Amino acid sequence: MSIWWSLHLRREAASVPLARRLLLGTMETAGVDPDICYDLAVALSEACANAVEHGGDAASEDYRVTAFIDGDTCRIEITDSGPGFRRRPAPSAPPHTAEDRALPPAPVPTPAQAPAFAEDGRGLFLIEALTDHVHYRNRTGRPGAVVSFDKILKWREGAALPMAS
C-alpha cells in the first residue's frame, strides 16, 4: 500500500507547522517509527522555511509540498516559484552560453559554506543530515526550485501500513 498527499500553501511562516503536523499525523497513523517521523518533520520544516523565505516575490504567494510513502521509503518534495538555484559551469569547463557567462559564480549552497555562527544557511545541512538522499533542481519550463529528499522508513511493531502491502 502507498500513501501520498499534496498541499498548496501560502508563503507565510504559519504554513510551516501546518505541513509538519500533517506529515507527522500521517506517519504516526501509518505506524512509522517516531525517530524517523522526527527526522522527516525537521527536514520538511527546513525545506518549507526556505520556500517561504526564498521562494518567490509578491506575485508568487504559494508553494507546494508533496509527500509519498511507498513501501519502505518516504519521498518529500517542496516546489516554489522563486528564482531557483543559480547555475554555474563546472570549474574546469568554460561557460557555454552567454547566459552562463552572465551569472555570478555562485553555486547551489552547500552545508560546508554555512559558518558555525551563521543565523541562516543551516537548513540544507539539516536536510542532508536527517535524510538518505537529497536532490536540488530548478523547475522545468518555469521559475522555481525543487528540493526533494528520501528517507528509508522503519516501522513500529504492529504498524498498519506495512501489513496492508
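## Helix α1 and the salt bridges

Just after helix α1, G31 adopts a positive phi of about 100° in this predicted model. The helix itself, residues 15-30, comprises 16 residues and spans 23 Å from its first C-alpha to its last, close to the 22 Å expected at 1.5 Å a residue. Its buried residues are S15, V16, A19, L23, T26, M27 and A30. Because these residues cover an arc of only 110° around the axis, they lie on the same side of α1, whereas R21 and T29 are exposed on the other side.

The structure also holds 4 salt bridges, and three of the pairs are listed here with their N to O distances.

| Side-chain pair | Distance, N to O |
|---|---|
| R10 and E12 | 3.1 Å |
| K151 and D39 | 3.2 Å |
| D150 and R75 | 2.6 Å |

The pair of K151 and D39 links distant parts of the chain, with K151 in strand β5 (residues 145-152) and D39 in helix α2 (residues 34-54), 112 residues apart; both of these residues are buried.

Strand β5 also carries D150, whose partner R75 lies in strand β3 (residues 73-79), so this pair ties together parts that are 75 residues apart in sequence. Within this pair, D150 is buried at a relative accessible area of 12%, while R75, at 28%, counts as partly exposed.

In the pair of R10 and E12, R10 is partly exposed with a relative accessible area of 48%, and E12 is likewise partly exposed, at 39%. Both residues belong, together with E61, to a network of salt bridges.

Terms used. Residues numbered from 1 in each chain as written. Predicted model: local features only at pLDDT ≥ 70, side-chain atom pairs only at ≥ 80, totals over all residues. Heavy atoms only, no water. Helix = DSSP H or I, 4+ residues; strand = E, 2+ residues; numbered from the N terminus. Expected span 1.5 Å × (residues − 1). Buried < 20%, exposed > 50% of the residue type's maximum accessible area, 1.4 Å probe, protein only. Arc of directions from axis to C-beta.
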